[in-house]
Amino acid sequence: MAYKKKYTVLAILGISIASGAAWWWQNKAPDAEAGKKPAATAPSGSGPAAGGGPARPTSVEVAKVERMTLVDETQAVGSLRSRQGVMLRPEVGGRVKQIFFNDGQRVRKGQLMVQFDDQLPQAQLAQARAELSIAEANHKRNQELVAQNFISQRSLDESSAALEVSRAKLSLAQATLQRLQVLAPFDGITGLKQINVGDYLKDGADMVNVEDIDAVLLDFRLPERFQSKIRAGQKAQLTVDALPGRPFSAIIQAVDPLIDANGRSVGVRGCIDNRQQQLRPGMFARVNAVFGSRENALVIPEEAIIPQGGRTFVVKIVPGDKPEVKVSERVAVKVGLRLPGKVEILEGLSAGDTVVTAGHQRLQKDGTVVRVVDLSQPGGGRPAGGPPGAGGPGAGGPAAGGPGAAPAAAGAQGAGGPRPGAAGKPGQGPAKNADMAGPNPCLRGADATR
């Protein structure tokens, strides 16, 4: 029994010695071999693990902070309607005797449009005039008799009341006769008539519509967040699908004080000069409401924005310890308007600064050495303007101001350049057209901007 215990202890001891030797061989031997030949490995290393050499620069793409004109605007859809429009209907029933207009004819305010048969009202008018004449004669005679004390004052009062009744009957007959004549309520253009001579119409029947389209109204709605920006006197540009390529300009006249509780939107009404008769009520319009513009606004590509913790940052490229070295610096900024691919910077940057547009996820701390990559060159990954690691001139090279300048210029033209409806654009017609003579109908009378 003692013999077996001795061999068991020796076996356990041997296994322990073998395990220790294997561990030492795996962990200590490589370090010992590396210490025997330091001269062979030192020259070949260039990264952080190679003898403590300098860190390899991080490749990034950059863009310059540019100045451009920004237009604060939003898009909406709306409909056109007549400045004034009405469906003519008779106030009393009768038979159509005469029609004094044609379809699509221009009419003036007070012009006779439809005459109903007035034979019976004319007879009633003549009767009322005769009764008035008798009442006036009786009243005059009674006045003379009262002055001579031949009749009582009561007889004079009765004749005076009869005279007033006769006058009221005459006024009623005249009013009834006038209602058999339908007049144009304002200057405009007639639509398609829906009556013929000889038709018997009841009161309230449709006859013809009259539309004043020298100026047309534009009705559209905006989200409630814009209610503090939109106001009377501002301009809105619009296009209509029925007239492609022809921009028009509208003057905002009024903003509805009531916010729609269902859509949380506010109603806006504008006026368009339509003396050339190109627009028609009922057209669908695509509206670009302009709230204002800012000159020399600072913009950067939207790819440079880093939202974090409720704040907005960008990574700016700044000079390092050596003239040819560029390093990163994270800067908090305040953004303003947003355009497709562009963001306005209100605080934090200056014109000409260089910001990182791609690769900033590898820049976790300030002071990281960067290498600017110019993707416009055939090599694709070459540093812009110098050897690897030299980010000096390349930081402001084509990667920042070259290819990026083309979209910026296009954006400037779309935001601050010629706007739809500007002079010389197609669709506005000749400047001295006879139809355009006189003041803008949107700026006179009840339609003037308040």
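Which side chains meet in a salt bridge with an N to O distance of 3.8 Å? In this predicted model, the partners are lysine 169 and glutamate 131. The two residues belong to separate helices, lysine 169 to helix α5 (residues 153-178) and glutamate 131 to helix α4 (residues 119-147), and the pair thereby links distant parts of the chain, 38 residues apart. Lysine 169 has a relative accessible area of 44% and is partly exposed. Glutamate 131 is likewise classed as partly exposed, at 27%.

The overall architecture provides the setting for this pair. The protein chain contains 7 helices and 19 strands. Of its 450 residues, 35% are buried. Among contacts in the chain with a separation of 6 or more, 72% are accounted for by residues 24 or more positions apart. The accessible surface of the chain amounts to about 26,100 Å², and carbon and sulfur atoms contribute 54% of this area.

A search of the whole structure identified 15 salt bridges. Side chains of opposite charge can pair when their charged atoms come close. One of the salt bridges is formed by aspartate 219 and arginine 81, whose closest N and O atoms are 4.0 Å apart. Aspartate 219 is located in strand β9 (residues 208-223) and arginine 81 in strand β2 (residues 66-88), so this pair ties together parts of the chain separated by 138 residues in sequence. Both partners are placed in the intermediate class of accessibility: aspartate 219 counts as partly exposed because its relative accessibility is 25%, and arginine 81 counts as partly exposed at 36%.

A further salt bridge is found within helix α5, the helix that also holds lysine 169. Here arginine 154 pairs with glutamate 158, with 3.3 Å between the closest N and O atoms. The two residues are 4 positions apart in helix α5, so about one helical turn separates them. Arginine 154 is exposed, its relative accessible area being 62%, whereas glutamate 158 is partly exposed at 47%. Salt bridges with shared partners also create a network, which joins Arg81, Asp219 and Arg269.

Attention then turns to the pairing of strands. Strands of a sheet pair through backbone hydrogen bonds, either parallel or antiparallel. In the present model, 4 strands form an open sheet with antiparallel pairing, in the order β6-β5-β3-β8. Strands β6 (181-183) and β8 (200-201) are the edges of this sheet, each of them pairing on one side only. Strand β5 (residues 112-116) is joined to β6 by 3 bridges, and the two strands run antiparallel. In this pairing, leucine 112 stands opposite leucine 183 of β6.

The surface also carries a nonpolar patch. Trp23, Trp24 and Trp25 make up this patch, which covers about 450 Å². Tryptophan 25 is situated in helix α1 (residues 2-27). With a relative accessibility of 58%, tryptophan 25 counts as exposed, the threshold for that class being over 50%.

Definitions and conventions
Residues numbered from 1 in each chain as written. Predicted model: local features only at pLDDT ≥ 70, side-chain atom pairs only at ≥ 80, totals over all residues. Heavy atoms only, no water. Buried < 20%, exposed > 50% of the residue type's maximum accessible area, 1.4 Å probe, protein only. Contact = heavy atoms within 4.5 Å. Areas by Shrake-Rupley, 256 points an atom, 1.4 Å probe, with all protein chains shown as cover. Pairing = 2+ DSSP bridges. Patch = residues over 30% accessible without salt bridge, like charges linked within 9 Å, V, L, I, M, F, W, Y side chains within 5 Å.
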